[in-house]
Amino acid sequence: MNRTLTKYFRVFFIQLKNNFVREAVYRSNLFTMLFVDIIWIAVEFSLFGVIYANTPTLAGWTQPQVYFFLGIFFASDALFTTFFQRNFWNFSDLVNKGELDILLTKPIHPLFLALTRWMNITAIFNLFFGIAIAIRYAEPAGFSGGMRWALLPGWLAVGVLTAIVVRFAFSIWIFWTERSFALSRMYYQFFALATKPDALYPGWVRYVILTFLPFAFIGSVPARALIHGLEMREFLTIVFVLSGFFIFDLFFWKKGLKRYQSASS
Amino acid sequence: MLRLKWRIAALKNGLQDATAYRIEFLLQLIGSAGVPALIQWLLWYAIFKIGGQTEVAGMSYTDLLAYTWMSVLFSQVRGGDHDFALMEMIRSGGLSNYLLRPVSPVEFVYIRGVAEKLFVAGICLVIGMIASFAVGLNPLHLLGAMILALLGNIIHYQLGAMIATLAFLWEEAYAILMVKNMVVQILSGELIPLNLFPANMQWVWKMTPFYLYVYGPTQFALGRWNLTEFGNAILIACAWIVFFTVGIKVTWKFGIKRYLSLGG
């Protein structure tokens, strides 16, 4: 078990190193993407700034609480963007162009290679921005801080894991549809639901984003858990939903592999 | 006659390209209309139904809902990604193919790209007309609003085409187009009505042409703008179009001298 884990870690770090070397060649891209990310953060802040200019609270959430949520959301999303997002965009090529062939021949799980091959190291700055924003608004948001900051990495991991399993559930259909652009786009349209705290939503939408499309686990539930804490029922829901997605993804991955026809797929 | 022929051919080609995968086209249309509307509605729900407020910036829950549903029609018509295509042509050297032909590459890319938007505008107009009769809005206002939205579409592309010329000088110029699109999202009124901006911040959206894309058409279609305000908006849109037409001529004249035709 230990040896297997070490092998996977080693492969991951080699991929990280390769990606870093590749991106270091395009240094101006790093600053450009940094600029784009800052504007994205500014737009999200402006949107809530305008809304809070008209109302003191939003479904019980104060302005600092929403900004704290945005910090957590940006940090969680940055981790996904840095390490996994590009692989999902390239996933259709793996299947359609037969590039999956080479991964299937390696002595390591092909899914691991398929999802960690490409990285976008420049996006990591958003993680720092997100954490800085969360720290800035933690106190006015009512987050008690101290040792509770130790929970942050765990909640960020929940956010990343959610993004991976849900994005995969939208991508896996490439084995059957041959074109995944519309589904990928649809994922990002639904992803917009993750950019607002779940408390804003009416009951049925909240139910959907906490179960079938669990976008609330990316930023909203972690922020709520840090500020107010969660009930045992909510912890169990997270475990149950993520496990469900994991089983669903694996099941269809195996089914898809059976349909895979190599380069002529 | 020949000049008209290639334009019609480009339009046809663009429409065929956009609708080649019909299910994908339909899913895209439903997603891009439904999800933003849902999110806007949820915001109003949180403010009015959960928060118990009765009015925001002089607008009731019903007013805001009407804005949301109407703005969805016009946000489908605004912009497109063909300015990115233009930039990619410059960056990759693909522009060389177009320089040899008796067509303007800027116009060709626009006509090809706008075909889909014109088709969508037609669908939105029919949906809007039916809704207008049902809720007692003036259908002529809707027609005028759609014309304003289409002028907004031209402005959006023209600005993009000007920014695209940065690719003659800079490899990463696409980032500026991305930034433009993010700014447009909030300043066009697609996410929230622009009258929600605090009084001292109203100048921010008034100084750009972006409000002509969604906010302006929505206000006119809902009868919240009178004919004078609508006429002014049309005049302002035309002024922006003239301004950007000159801007495109100047920036392309300057940029093309630096074109290296690498790749392509």
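This is a short tour of a predicted model, one selection at a time.

**Stop 1: chain A on its own.** Select chain A and color it by secondary structure. You will find 12 helices and 0 strands, so the run of elements from the N terminus on reads α-α-α-α-α-α-α-α-α-α-α-α. Now turn the chain around: along its principal axes, the C-alpha trace spans about 60 × 45 × 40 Å. A compact globule of 265 residues would have a radius of gyration near 18 Å, and the 19 Å of chain A agrees with that. Of these 265 residues, 35% count as buried. Take contacts in chain A between residues at least 6 apart in sequence: 80% of them join residues at least 24 apart.

**Stop 2: where the chains touch.** Bring chain B back into view. How many residues does each chain give to the contact? Chain A gives 33 and chain B gives 31. On the chain A side, select helix 2 (27–52) and helix 9 (181–191), the elements that give two or more residues. Helix 2 of chain A has the largest share, with 13 residues. Color this side by residue type and you should see 22 nonpolar, 8 polar and 3 charged residues.

**Stop 3: the nonpolar core.** The largest nonpolar core has 133 residues. Start with those that have the most contacts inside it: F68(A), A145(B), L148(B), A149(B) and L212(B). Next, select helix 3 (residues 63–96) of chain A, which gives this core its largest share, 17 residues.

**Stop 4: around A145(B).** Zoom in on A145(B). Leaving aside neighbours within four places in sequence, A145(B) is in contact with F74(B), P217(B), F220(B) and A221(B).

Technical notes
Residues are numbered from 1 along each chain as its sequence is written. Chains are lettered from A and ligands numbered from 1 in the order in which they are written. This is a predicted model: local features need pLDDT of at least 70, side-chain atom pairs count only at pLDDT 80 or more; totals for chains, interfaces and linings use all residues. Two residues are in contact if their C-beta atoms, placed from the backbone, lie within 7 Å. Helices (H or I, at least four residues) and strands (E, at least two) are DSSP runs, numbered from the N terminus. Ala, Val, Leu, Ile, Met, Phe, Trp, Tyr, Cys and Pro count as nonpolar, Asp, Glu, Lys and Arg as charged, and the others, Gly among them, as polar. A nonpolar core is a set of buried Ala, Val, Leu, Ile, Met, Phe, Trp, Tyr and Cys residues joined through C-beta atoms within 7 Å. A residue is buried if 20 or more other C-beta atoms lie within 10 Å of its own, exposed if 12 or fewer, and partly exposed in between; C-beta atoms are placed from the backbone. The radius of gyration is taken over C-alpha atoms; the globule rule is 2.2 Å times the number of residues to the power 0.38.
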